[in-house]
Structures are given as C-alpha cells and as structure tokens.
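Subject: Structure for you to look at

Hi,

Here is the structure I promised to pass on. Please open it alongside this note; my findings follow below.

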Amino acid sequence: MVALRHNQKQDGLVCTMTDGVKMMTGSGWTRAWDSYLYYLNMQYGGKPVTGGKGVTWVIDNKITPHMLRHSYATLLFDAGVDVKSAQKYLGHSCLEVTLEIYTHLSKFKEEQSVKALDSHLRDQGMEKASKARAV
C-alpha cells in the first residue's frame with residue numbers, strides 16, 4: 001500500500017488511488033490490472049508484438065484478481081493457517097464467509113485428512129488390543 005501522509009487515515013483498502021485513501025474507480029482498476037499483467041509477461045519472457053500494439057503472452061491474460069485471491073485462500077488452507085487468521089488475511093467481515101467460500105478441500109489436503117484418520121483409528125485399535133491382552 002502507498003505510504004500514507006500523517007494527515008490521511010488508513011481504512012484498510014487494498015486498491016486505493018495514489019493518495020492511499022480513496023478507492024480506485026473501475027476503469028482505474030482495469031488499467032492497473034492490465035498494466036500488471038503486461039509487466040508480468042515482460043518479466044517472464046513475453047515480447048511486444050512487432051509493428052502493433054500488444055504483447056506475445058507468456059502468462060495467460062485471462063487471469064483475474066479473483067483467481068489470485070482464490071489461489072491465495074487455497075494456499076492458506078493447504079498450509080494449515082487457522083480459519084480465523086485466514087479471515088483476517090482475506091478481509092472477510094465474518095468467519096462464515098471464509099468457511100463457506102474458501103475452505104474447499106484440495107486433493108492433497110483431503111488425502112492428508114484420510115491418512116490422519118486411518119492412523120488415529122489404527123492407533124486406537126492397537127491400544128485397545130494391547131489393553132485386552134494385558135487383562
């Protein structure tokens with residue numbers, strides 16, 4: 001976020017105008033996002049189209065900010081970040097939004113959960129069998 005002058009209040013907005021206070025307009029946001037995608041493509045080997053306007057895209061230009069946000073939320077979940085912290089990082093006003101929208105299970109996390117449950121049940125079964133033999 002842009003560094004704020006002492007007479008400006010910070011209201012937590014991520015996509016602000018250069019003053020750091022006012023929300024970007026829709027067209028301002030679109031220009032900023034297109035500029036960012038262009039920058040990424042130039043950084044990762046994209047080339048400006050000769051004799052015209054545009055770029056040879058290396059990174060899909062159909063990526064949306066929502067896709068990045070959803071990927072971020074999924075990474076938080078896969079990394080084991082607690083839901084309350086994820087709510088704060090994602091800027092959700094209530095926990096239910098975070099739980100309903102962003103906590104879908106990834107295949108990796110699902111497999112981990114199944115293995116953990118199997119291990120727990122196996123350990124419980126062995127413990128009970130051990131106690132039964134001791135009696």
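I searched the whole structure for aromatic pairs, and two turned up. Keep in mind that this is a predicted model.

A pair of aromatic rings is described by the distance of the centres and the angle of the planes. Trp-29 and Trp-33 make a stacked pair, at 6.0 Å centre to centre and 25° between the planes. The angle counts as stacked because it is under 30 degrees. Both residues sit in helix H1, four residues apart, so about one helical turn separates Trp-29 from Trp-33.

How buried or exposed are the two tryptophans? Trp-29 has 30% relative accessibility, so it counts as partly exposed. Trp-33 has 12% and counts as buried. The cut-off for buried is under 20%.

Trp-33 also pairs with Tyr-36. Here the rings are tilted: 5.6 Å centre to centre, with 45° between the planes. That angle is neither under 30 nor over 60 degrees, so the pair is classed as tilted. Trp-33 and Tyr-36 are three residues apart in helix H1, which again puts about one helical turn between them.

Taken together, Trp-29, Trp-33 and Tyr-36 form one aromatic cluster. Trp-33 takes part in the stacked pair and in the tilted pair.

Now to Tyr-36 itself. The helix that holds it, H1, covers residues 26-43. Tyr-36 has a relative accessible area of 38%, so it counts as partly exposed.

Which residues make the nonpolar surface patch with Tyr-36? They are Tyr-39 and Leu-68. The patch covers about 310 Å². Tyr-36 therefore belongs to the aromatic cluster and also to this patch, where its 38% accessibility meets the cut-off of over 30%.

One more residue to look at is Gln-87. You will find Gln-87 in helix H3, residues 83-90. Is Gln-87 buried or exposed? Its relative accessibility is 8%, so Gln-87 counts as buried. What is Gln-87 in contact with, leaving aside neighbours within four places in sequence? The list is His-92, Ser-93, Cys-94, Leu-95 and Thr-98.

That is what I have for now.

Best wishes

How values were computed:
Residues are numbered from 1 along each chain as its sequence is written. This is a predicted model: local features need pLDDT of at least 70, side-chain atom pairs count only at pLDDT 80 or more; totals for chains, interfaces and linings use all residues. Side-chain values use heavy atoms; hydrogens and water are left out. Helices (H or I, at least four residues) and strands (E, at least two) are DSSP runs, numbered from the N terminus. Buried means under 20% relative accessible area, exposed over 50%, partly exposed in between (1.4 Å probe, protein chains only). Contact means heavy atoms within 4.5 Å. Patches are made of residues with over 30% relative accessible area and no salt bridge: like charges are joined within 9 Å, nonpolar side chains (Val, Leu, Ile, Met, Phe, Trp, Tyr) within 5 Å. Accessible areas come from the Shrake-Rupley method with a 1.4 Å probe; for residues, only the protein chains shown count as cover. A salt bridge is a side-chain nitrogen of Lys or Arg within 4 Å of a carboxyl oxygen of Asp or Glu. Rings of Phe, Tyr and Trp (its six-membered ring) pair if their centres lie within 6.5 Å; planes under 30 degrees apart count as stacked, over 60 as edge-to-face and the rest as tilted.
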